[in-house]
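Open the model in a viewer and keep the selection panel at hand. The stops below go from one chain to the other and end where they meet.

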Amino acid sequence: MIYAILQRLAQMIFVMFGISVLVFLIFFGTPGVDPAARIAGRNASPEVLQAVRVSFGFDQPFYVQYLTMMKKIFISGDLTSFVNRGWKVVPAVLDTIPVTLSLVLGAAVLWVVFSLIIGVTAAAFRDRWIDKTLMIIGLIGVSMPVYWLGEVMNLITQSRFHDTWLFSWVPPLGYKNLSDDPKGWFLTLVIPWITLSILYIGLYGRVLRASITEALQEDYIRTARAKGLSETRILLRHALRTSLIAFVTLFGLDFGALVGGSALLTEVVFGLQGVGKLTFDALQNLDLPVIMTTVLYASFFVVLANAVVDVVYILLDPRVRTS
Amino acid sequence: MILSVKDLSVSFRTETGLVRVLDDVSFDVAEGELLGIVGESGSGKTMTVLAVMGLITDPNAVIKGSILYRGRELVGMKGREMRKLRGREIAMIFQDPMTALTPVYTIGWQIAEQILTHQKVSKAQAWHRAIELLAEVGIPKPEEAVHRYPHQLSGGMRQRAVIAMALTCNPALLVADEPTTALDVTVQAQILDLLRKLQETHGSAIIFITHDLGVMAELADRIMVMYAGRVVERATRDALFADPQHPYTVALLNSIPPLEGPRPHRLQTIAGSPPSLLNLPQGCAFGPRCPRRFDACAAKPALTLPPHETACFLTGAPMPAVTE
């Protein structure tokens, strides 16, 4: 077990190293790219350009620049922005983590609960109208882009119907700290949670229905029927239980990616200062230290989520366990 | 009679029309008897027992006829009542032990699950009984084996676990669908010995499906031969092996390698292939492959009367031909 954890850790470091080198080379090593020119602005004189180069350390070899940046991110934590000099990047990224985590965790609870309900119900009534209706609703959920859905949600809850009893409780956009104002935290996040989870509810519901239906064709389901078990028990304890393996894989990947910044669109639409929003802003003005830090942070979460999935696998599927 | 099947027909609605996979199958099973059902793939052996178990779940299946279990009609029985019989009074052993057990639960859990479904006992008692059953079917160290997952056992051990599960509630009727086909020969012999021993100790009636006549020669009290969804011959084991009546049975017996005498250069085979159920030949379904076909075979032969029943016009006794 300890060996497995160490192996995972080594793998994680390797992946993050690879990603950081790649990102670094894209922004600093691509021929024709000159970060100094971008910082100095258009029409900068050669003297200014040279001054910027020396000031930011671009005159040094790539490996020195790379190592300095890594040292500033991981050891001293004093990496500063290229755009706002003096703005420390690492604390800025750390500040966004609770926002993104709050958004994604809440949405994940919603999407797991509702997709389980939808997937199991559809599989139980497969090929009947309940199944067909649920699957069509799921498809609609999958098809709605989150930026559009978010704007529509805002239009309804913030503007058009805000003054009715239905949505008068919805607070203005923005994030409130859980520790300062738990009620405000919850209320501001309800609409973003729903918006973000709808896509995944539809997707996971459909995937789960397909995988339960497939499991129901297996021989062991016939054995379970021959044992005289009830249909409900067969569905939940045998078919669903074996289908959860696929469900967990998908969940781990999506969850990791979302915490790593893929919730960007939801964050932008609802004005939440999360990791995705931070990356988005940094990309707009090509603030390389911020991009590098958020990308590393994202890769950390994707790899971490994968490691967690592997552990859950071992719990769910005895065939993976080595005796 | 523990089981009495009369005129059982199973058809499936398909895009090309109704496909009949079982055609007026009738048979009885006496208490404590072992009835063997023999036939090629697609002859309707498995479909017959699935109908008995009420396990044909396809919504496009049409089941007609009557299946009486101890006087109770199983065709059209409510799911709830059928579940009380299944696993308790009628149990089934499946062909492939590799896939017949749910992979994510220990075999002890799966046996205990069945006990808890049918009997009012505590979990500890169910677990204890699971260990007893595993010991009874000859699994070494049963108190360890209950904690094993299916993938941790060999094929033979898994089939023993499946058998232990079937025996959980001392079923009066045990249905075994090719229980040894997926196993290698030495394990096959062990499993057959086990089934014979269990039949003596538990006194269950057994319906045993196989395509291996050698297995039948050892085990069966009576044998029923099926072809293209119909019963073509039925007799006691001794009568069937000594005096096979139907050309199909004769051909099947001829294709077994002889144990004594000179070894034939090639084994005899049956010419042609089993007919498609979508397009059964007129009259006797075996007609097109039959070496002794004659004019009368254009009509559908009916089964002669017991004790040695056969569906062939060659049989001496006069019989009425059923025309459709």
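Helices here are DSSP runs of H or I with at least four residues, strands are DSSP runs of E with at least two, and both are numbered from the N terminus. The model is a predicted one.

**Chain A, overall**

Select chain A and colour by secondary structure. On that count the chain has 13 helices and zero strands, so the pattern read along the sequence is α-α-α-α-α-α-α-α-α-α-α-α-α. Along the principal axes, the C-alpha atoms of chain A fill a box of roughly 85 × 60 × 40 Å. Chain A has 323 residues, and 34% of them are buried. Of the contacts in chain A with a separation of 6 or more, 67% are between residues 24 or more positions apart.

**Helices 8 and 10 of chain A**

Next, select residues 182–215 of chain A, which are helix 8, and residues 231–262 of chain A, which are helix 10. The two axes come within 9 Å and cross at roughly 145°. The crossing of helix 8 of chain A with helix 10 of chain A is right-handed. To see the contact, show side chains on both helices. Helix 8 of chain A contributes A:Tyr200, A:Tyr204, A:Val207, A:Leu208, A:Ser211, A:Ile212 and A:Ala215. Facing them, helix 10 of chain A contributes A:Ala239, A:Leu240, A:Thr242, A:Ser243, A:Ala246, A:Phe247, A:Leu250 and A:Asp254. By class, the residues of this contact are eleven nonpolar, three polar and one charged.

**The sheet of chain B**

Move to chain B and select its strands 3 and 6 to 11; these seven form an open sheet in the order 6-7-8-3-9-10-11, with mixed pairing. Strand 6 (90–93) and strand 11 (309–310) of chain B are the edge strands, each paired on one side only. Strands of a sheet pair through backbone hydrogen bonds, in parallel or antiparallel fashion. For a parallel case, zoom in on strand 7 (residues 173–177) and strand 8 (residues 205–210) of chain B, which are joined by five bridges. One pair to label is B:Val175 with its bridge partner B:Ile207 in strand 8 of chain B.

**Where the chains meet**

Finally, show both chains. How many residues does each chain bring to the contact? Chain B brings 23 and chain A brings 19. On the chain B side, the elements that give two or more residues are helix 2 (79–85), strand 6 and helix 3 (107–118). Helix 3 of chain B has the largest share of that side, three residues. Coloured by class, the side of chain B that touches chain A shows ten nonpolar, eight polar and five charged residues.

How values were computed: Residues numbered from 1 in each chain as written. Chains lettered and ligands numbered in written order. Predicted model: local features only at pLDDT ≥ 70, side-chain atom pairs only at ≥ 80, totals over all residues. Axes fitted to C-alpha atoms, helices over the stretch in contact; angles between N-to-C directions. Left-handed = near helix turned anticlockwise from the far one by under 90°. Contact = placed C-beta atoms within 7 Å. Nonpolar A, V, L, I, M, F, W, Y, C, P; charged D, E, K, R; others polar. Pairing = 2+ DSSP bridges. Buried ≥ 20, exposed ≤ 12 C-beta atoms within 10 Å, placed from the backbone.
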